[in-house]
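Student: I have a new model open and would like to go through it slowly with you. Please start with its surface and then move inward.

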Amino acid sequence: MPQDVQHNAIVEANGRCDCGAVTVRASGRILSMFTCACLNCQTVTGTGHSSIALLAADDISFTGETKPYTRDAASGARFTRHFCPMCGTTLHAQSSRAPGVSILPVGIFAGNNQWFKPKQLLFGRSRQPWDWLPEGLHIHETYPEKAAP
């Protein structure tokens, strides 16, 4: 998983799915914050990129039922998204390459995500020209090799 030591802040944030059947609590140190423009993230979000925060899996808790969907990633890892079975909101994901890390879409913390400050864009090769992103992001054409566990 991408690591960004500048994002070593502690976050305390509550979020929920669109229908409110599942809530999430993040309480811990942020490992990394980034945007991803891979084609899978574009498909899942319905836009040009996803906004992601990484936290230790032990720093995340959920109430309510979730359902998993697992697929093979281009990196060779198994990637599992957990979503609300009622409304379909993606709540978090995990990669087999970093089983102790939760991949959180920052949008689930709507109204309580002002702490999100990405420094990099992953999969810039599939970035859409109409997708506006913050200035100054370090752009990786694919997944950064040095970050792969």
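Tutor: The chain exposes about 7900 Å², and carbon and sulfur atoms supply 53% of that area; accessible areas come from the Shrake-Rupley method with a 1.4 Å probe, and for residues only the protein chains shown count as cover. Please keep in mind that this is a predicted model, in which local features need pLDDT of at least 70 and side-chain atom pairs count only at pLDDT 80 or more, while totals for chains, interfaces and linings use all residues. Residues are numbered from 1 along each chain as its sequence is written, and side-chain values use heavy atoms, with hydrogens and water left out.

Student: OK, and how many helices and strands does the chain have?

Tutor: There is one helix, together with 10 strands, where helices (H or I, at least four residues) and strands (E, at least two) are DSSP runs numbered from the N terminus. Going along the sequence, the pattern reads β-β-α-β-β-β-β-β-β-β-β. The radius of gyration of the chain is 14 Å, close to the 15 Å that the globule rule gives for 149 residues, so the chain is as compact as a globular protein of that length. That radius is taken over C-alpha atoms, and the globule rule is 2.2 Å times the number of residues to the power 0.38.

Student: What box do the C-alpha atoms fill, and what share of the residues is buried?

Tutor: Along the principal axes, the C-alpha atoms fill a box of roughly 35 × 30 × 30 Å. Of the 149 residues, 46% count as buried, a label that means under 20% relative accessible area, with exposed meaning over 50% and partly exposed in between (1.4 Å probe, protein chains only). Among contacts (heavy atoms within 4.5 Å) with a separation of 6 or more, 53% join residues 24 or more positions apart.

Student: Let's pick one buried residue, then. Where is A53, and what does A53 touch?

Tutor: A53 lies in strand β3 and counts as buried, at 1% relative accessibility. Leaving aside residues up to four places away in sequence, A53 touches S32, M33, S102, I103, L104, V106 and W115. The C-alpha atoms of A53 and I103 are 6.1 Å apart in space, although the two residues are 50 apart in sequence.

Student: And S51, is that buried or partly exposed?

Tutor: S51 is partly exposed, with a relative accessible area of 24%, and it lies in strand β3, which covers residues 50-56. Beyond its neighbours up to four places away in sequence, S51 touches F34, T35, L104, P105, V106 and F116. From S51 to P118 the C-alpha distance is 7.9 Å, across 67 residues of sequence.

Student: Switching topic: how many disulfides are there?

Tutor: A disulfide is a pair of cysteine sulfur atoms within 2.5 Å, and by this rule the count comes to zero.

Student: Why does C38 not bond to C41?

Tutor: The sulfur of C38 is 3.7 Å from its closest cysteine sulfur, in C41, and that is too far for a bond. C41 is accordingly in no disulfide. Both cysteines are buried, C38 at 14% relative accessibility and C41 at 8%.

Student: What about V22, where does that sit?

Tutor: V22 is found in the loop between β1 (10-16) and β2 (23-36), and at 0% relative accessibility it counts as buried. Its contacts, not counting residues up to four places away in sequence, include F62, T63, C84 and L91.

Student: Which residue has a positive phi?

Tutor: One of them is F123, whose phi is near 60°. Most residues other than glycine have a negative phi. F123 lies in the loop between β9 and β10 (138-139) and is buried, with a relative accessible area of 16%.

Student: Last one: how far apart are the mean positions of the positive and negative charges?

Tutor: The mean positions of the 13 positive and 11 negative charges are 1 Å apart. Lys and Arg count as positive and Asp and Glu as negative, while His and the chain ends are not counted, and each charge is placed at NZ of Lys, CZ of Arg, CG of Asp or CD of Glu.
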